[in-house]
Amino acid sequence: DVRKLSPWYLAPVDERILTMNKYEALRGMEDILPGEIEKWQWVEEKARIFFESRGFKEIRTPILEYTELFSRAVGESSDIVNKEMFSFEDRGGRNVVLRPEMTPTLARMVAARRKSLKFPLRWYSIPNIFRYERPQRGRTRQLRAAGQSGSVHPGTRSVHQHRPSPEQHPLRGLELDRRPGA
């Protein structure tokens with residue numbers, strides 16, 4: 001019998017599934033497992049400490065957004081809209097996208113809640129973003145991007161997402177192989 005009891009889910013698993021290449025992560029995407037995830041968590045914690053020590057508060061946003069939000073914000077003819085977005089029609093017939101950057105998402109959030117927000121906003125995020133571009137050494141299609149949005153004031157028509165300068169970057173000078181406890 002090719003069926004076994006899986007220790008992970010305690011449900012029968014067909015052994016043929018475990019040997020099929022089509023169950024690998026999509027090109028440009030990766031699974032991060034124990035042994036590697038600790039490095040990611042350490043880097044993210046250093047970024048959180050940096051931003052929060054400067055008065056920024058963390059936000060989290062949906063990974064899916066309407067395609068129109070990005071085509072309006074960055075322009076119909078931009079490379080992001082034409083070549084680099086993972087966009088598709090959902091089951092409800094809506095055109096949606098895996099967020100390729102944060103600025104339009106921040107603008108949407110502020111526009112939807114501007115009457116209830118306290119300005120100036122001091123937010124940061126460490127989101128997953130997705131770009132459908134050719135994977136290269138050191139680059140993937142799913143990535144993490146730490147950033148802050150500190151110039152959002154009432155009455156402005158734009159949201160500025162700032163990244164720390166290289167001199168101020170929370171990870172400046174850190175060697176990932178030399179994290180505490182390693």
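In this predicted model, Glu58 is partly exposed, at a relative accessible area of 29%. Glu58 has a salt-bridge partner in Arg60, and the closest N and O atoms of the two come to 3.4 Å. Arg60 itself counts as exposed, at 68% relative accessibility. The pair doesn't stand alone, since Arg48 joins Glu58 and Arg60 in a network of salt bridges. Overall, the count of salt bridges comes to eight.

Another of these contacts brings together Glu65 and Arg108, whose closest N and O atoms are 2.9 Å apart. Glu65 belongs to strand 4 and Arg108 to helix 5 (residues 103-113), so this salt bridge ties together parts that are 43 residues apart in sequence. The two ends are placed rather unlike each other: Glu65 counts as buried, at 6% relative accessibility, whereas Arg108 is partly exposed at 27%. A further salt bridge runs from Arg131 to Glu101, with 4.0 Å between the closest N and O atoms. Here, too, distant parts of the chain are linked, this time from loop to loop: Arg131 sits between strand 8 (128-130) and strand 9 (142-144), and Glu101 between strand 6 and helix 5, 30 residues apart. Both Arg131 and Glu101 are buried.

Glu65 also leads into the sheet. Its strand is part of an open, three-stranded sheet with antiparallel pairing and the order 4-6-5. Strand 4 (64-66) and strand 5 (86-89) take the edges with a single partner strand each, so one side of each has no neighbour in the sheet. On average, and ignoring direction, neighbouring strands are turned by 35 degrees against each other. Three bridges hold the antiparallel pairing of strand 4 with strand 6 (residues 95-98), and within strand 6 it is Val97 that stands opposite Glu65. On the other flank, strand 5 and strand 6 pair over four bridges, again in the antiparallel sense; Phe86 has Leu98 of strand 6 as its bridge partner. Five residues separate these two strands in their hairpin, where Gly93 takes a positive phi near 85 degrees.

Turning to the aromatic side chains, four aromatic pairs are found. The ring centres of Phe50 and Phe51 lie 5.4 Å apart with the planes at 75 degrees, so this pair is edge-to-face. Phe51 has an edge-to-face pairing with Phe56 as well, at 6.3 Å centre to centre and 70 degrees between the planes. Ring pairs join Phe50, Phe51, Phe56 and Tyr124 into a cluster. Phe50 is buried, and Phe51 is buried too, with a relative accessible area of 0%. Phe56 is likewise buried, at 5%.

Phe56 also meets a charge: Arg122 lies over the face of its ring, 4.1 Å from the ring centre. A similar arrangement is found for Arg141, which lies over the face of Tyr132 at 4.2 Å from the ring centre. Arg122 has a further long-range neighbour in Gly55, 67 residues apart along the chain, with 6.9 Å between the C-alpha atoms. Gly55 is found in the loop between helix 2 (37-53) and strand 3 (57-58), and is partly exposed, with a relative accessible area of 39%.

Conventions: Residues are numbered from 1 along each chain as its sequence is written. This is a predicted model: local features need pLDDT of at least 70, side-chain atom pairs count only at pLDDT 80 or more; totals for chains, interfaces and linings use all residues. Side-chain values use heavy atoms; hydrogens and water are left out. Rings of Phe, Tyr and Trp (its six-membered ring) pair if their centres lie within 6.5 Å; planes under 30 degrees apart count as stacked, over 60 as edge-to-face and the rest as tilted. Buried means under 20% relative accessible area, exposed over 50%, partly exposed in between (1.4 Å probe, protein chains only). A charge sits over a ring if NZ of Lys or CZ of Arg is within 6 Å of the ring centre and within 35 degrees of the ring normal. Two strands pair if DSSP finds at least two bridges between them. Axes are lines fitted to C-alpha atoms, for helices over the stretch in contact, and angles run from 0 to 180 degrees between N-to-C directions. A salt bridge is a side-chain nitrogen of Lys or Arg within 4 Å of a carboxyl oxygen of Asp or Glu.
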